[in-house]
Amino acid sequence: MKSILTIMALISFSALYAQFPMGGQKGPTIKGKIEGQVMDSISGQPVGFATISLKKKGSSILLDGVLTDENGHFKLENVVNGAYDLYFSFLGYNEKKVLAETTLKNPDNNIGKIMIVPANFVLDAVEIKEERVLIENKADKLVFNAENDASIAGGDASDVLRKVPMLSVDLNGNVSLRGSQNVRILINGKPSGMFSSNVADALKMFPADQIKKVEVITSPSAKYDAEGSAGIINIITKKQTVEGVAGNINASAGNRQNSLFTNLNAGKGRLGISSGAAIFYSTPANGTTSFYRVDNIGKEKRVFSQEGVQKTSRLGGNGSLSAFYDFNGYNSLNTSLTFRGFGFDVKGTINGLLQDPSTGFNDKYVRTNQGDNFFGGYDWNTDYTRKFEKREGQELSFGVQYSKQNNNQDYLINEIHDLVFLNRDSNAVFNRGINHETTAQVDYVHPFTKAVKLETGAKAVIRNIISDYTTQVLAFPEGYQPLDETFRYYQNVYSGYGSLTWLIASKYSLITGLRYENTHISGKFEKQSELNFNAKPYDNLLPNIAISRTFKNFKTLKLSYSQRLQRPSLYYINPFNNNADFLNRTQGNPDLNPETVHQVELAYNFTVKGFTTFSSVFYKNTRGIIEQILSIDNNGLSYNTFQNIGTNNSIGLNTFITKTISLVTLRTGGNLATYNASGQINGVPASRSSYEYNIFLNGEIKISGTLKSDFFGFFRSPVRTIQGDNPAFTIYGMGIRKEFKNSSIGITLIEPFNADKFFNSNVVTDAFTQRTSFSIPFRSVGVNFRYKFGNVDFKERKSKVKNSDLKQGTDNQNVNSPSGN
């Protein structure tokens, strides 16, 4: 209670000091009030419990703030005469700024009805200069404004996504939306080759300080690619296009992560250039690992066990350069180049034991391993946009994109066994993976009226994936035999769509559309030509429809249906046999088919007594679901691969609740979904029924207009598979940030009472039981500094290319593998 009273006293003193500075004011003053009513610009209904912030004209310092009542009325009292900026904001609406003035003659000012505009339906990388609420619920997406959160400074993109409602991120950086990892991640509304293989590693190379906001779309319209069966995550960076010269520098230092991010933007007239660069480094960390498996061989038990210590470190960077030119008010050209590189190194020693009574083998061994992994590449985009003079909103655009992504894995293995034929002396296991992707698309928008809009377009995506690898295959009694191979995978996708948006009587909204996709797939092995394949082309017609109804006081009801699919990416199809740990080999499956998904969602948003809630229930049917499967080969050794195991029928609920009390905001919520999978594993019937859930609590305290504190906590249940469970995950932390005129400084603290954390997983079948565990250092403290320079006006720029059609890789192999971390 004393702490709360102290904070409230600081808040009150800050507000009084701001209005009555030391030394007094020149001339006479008088206190008055500013009042009015906040209304929805479309429905004309009052907006209850909206936030009004009061600042001196041209100042960034918060003086006072109130909420509207249930009828949208507000009143700011004890306002000293002068000119003020009033900021009006509420979940689902664009923020609005209004100038209001009180004088000695008229100290009371009724500014009347203030109309705020509901957020639009378009997925754009829009830069907003004013501070926004942390979380916004818009008509077709949920928005998390990451730059307003002090507790994520110095982290990476996975730290940001952990704070977003409906999303959960495990220790390795694997992202789930409503319990499903089948999400498509975009950067500034367009795809990036960095996510073509392993999403978890890609997120680790993306500093949190580069992220402005995150958008989550659970029911994408037909204009989006059919992939991403769970939905789309759009990460908006802080890249800006300006009139003038401006830039900023963000630096973070801590015992776990360190980063430096900078950008520079310049614009004059119809020409603008923007650039940015970042570098980050994770301090080497030691973690323990253990593995235990028991095979049932009749009445006998075959036992494998191993344990050891692994040291990991990460170093990476990225950069970008973009430019635009407006030929006139109706024709413009936009081009950009982004590039990145990320290294992940691991060194360790493992002690193992094998006991096989069926063969009489008893083996002890020591393995030392060194792994060097590199992920890097670039994306180039160019767009031409033609707007039409006679009809506002009518637009024709052409876009092209080329992406290249390298995924290199190098391992040097030394193993000394009691069973000599199993020895490995400086054996090299490596893979050179390259993903080439070329995209061309055309889009057209035709507004018939202000309430009716048609969007249509066509697209072609040409992919050429190459995997060049060297590995060893274990054969008894010869030992390890070398295997060199080059695999080429070709995937071409041709698509077209039509989408209609219709606003009816200012209260009803309808979005409906149809997307057609045609896919061609083939694969070629350079040496094992008998494995070549040329799959039959397949066609998909993918409809979607969403109907919403708005009610008084920002109540919204939405019903939607969508059909989507999920094609496997290089991570899933790469036939490279990674046997750096011979007990836990990992190998892709080029024969995988795409998943198909049908989803129905019912969502309802409402506000009562200042509590804002948005919740949804959903049903999702997934056919041909792709999961990682653990099997035992003829030598008794385990290997991980991927299979279309069957069907999963999932029912779920997600909810989010927020409440602001004076200058303190609290948020809580979570997700609950069933897991009901049935099908076959290696031709044997299998099924499982279970559930997954996660819960979170976070909030912020605005101690003054320039001092803010944030805190958060998150828990996620184990991730279910048809064979077992991957680890549960928890995290909590806090941060505080002080803003100055052109700079800020902050401190973050993560898990102060846990120096290390342990993560356990298991796989249970009739044939075997396997349990793995690993630990890593977790306590983290860091300092972050931000500096900005320049005084410019900001403009909006975005690419038209939005690929979202591949099931992207996760990092589950690190869960089941004792060599992972």
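Me: Two strands pair if DSSP finds at least two bridges between them. In this predicted model, which residue in E4 stands opposite Gly36?
Reply: Start with the strands. E1 covers residues 31-40 and pairs with E4 in the antiparallel sense, over seven bridges. Opposite Gly36, the residue in E4 is Phe74.

Me: In what order do the three strands of the open sheet stand?
Reply: The sheet is open and its pairing is mixed. Its three strands run in the order E4-E1-E7.

Me: Which strands stand at the edges, each with a single partner strand?
Reply: An edge strand here has one side without a neighbour in the sheet, because a single strand partners it. That applies to residues 73-80 and to residues 108-116. The edge strands are E4 and E7.

Me: What does the twist average from one strand to the next in the open sheet E4-E1-E7?
Reply: The sheet has three strands, E4-E1-E7. From one strand to the next, the twist averages 20°.

Me: How many residues does the largest nonpolar core have?
Reply: Leu161, Leu203, Ile211, Val214 and Ile233 have the most contacts inside this core. Another core lies apart from it, with 21 residues, including Ala50, Ile52, Phe88 and Ala100. The residue count of the largest core is 37.

Me: Are the rings of Phe656 and Phe696 stacked or edge-to-face?
Reply: The structure holds 19 aromatic pairs, so take this one by its geometry. The ring centres of Phe656 and Phe696 are 6.1 Å apart, and the planes meet at 20°. Planes under 30 degrees apart count as stacked. So the pair is stacked.

Me: How many residues apart in sequence are the parts that the pair of Phe656 and Phe696 ties together?
Reply: Phe656 belongs to strand E32, residues 638-661. Phe696 belongs to strand E34, residues 684-702. Both Phe656 and Phe696 are buried. The separation in sequence is 40 residues.

Me: Over which ring does the charged end of Arg424 sit?
Reply: A charge counts as over a ring within 6 Å of the centre, given a suitable angle to the normal. Arg720 gives one case, 5.7 Å from the ring centre of Tyr691. The charged end of Arg424 sits 4.6 Å from the centre of its ring, which belongs to Tyr480.

Me: Is Gly399 buried or exposed?
Reply: Gly399 is found in strand E21, residues 395-417. Its relative accessible area is 3%. The cut-off for burial is under 20%, so Gly399 is buried.

Terms used:
Residues are numbered from 1 along each chain as its sequence is written. This is a predicted model: local features need pLDDT of at least 70, side-chain atom pairs count only at pLDDT 80 or more; totals for chains, interfaces and linings use all residues. Side-chain values use heavy atoms; hydrogens and water are left out. A nonpolar core is a set of buried Ala, Val, Leu, Ile, Met, Phe, Trp, Tyr and Cys residues joined through side-chain atoms within 4.5 Å. Buried means under 20% relative accessible area, exposed over 50%, partly exposed in between (1.4 Å probe, protein chains only). Helices (H or I, at least four residues) and strands (E, at least two) are DSSP runs, numbered from the N terminus. Axes are lines fitted to C-alpha atoms, for helices over the stretch in contact, and angles run from 0 to 180 degrees between N-to-C directions. Rings of Phe, Tyr and Trp (its six-membered ring) pair if their centres lie within 6.5 Å; planes under 30 degrees apart count as stacked, over 60 as edge-to-face and the rest as tilted. A charge sits over a ring if NZ of Lys or CZ of Arg is within 6 Å of the ring centre and within 35 degrees of the ring normal.
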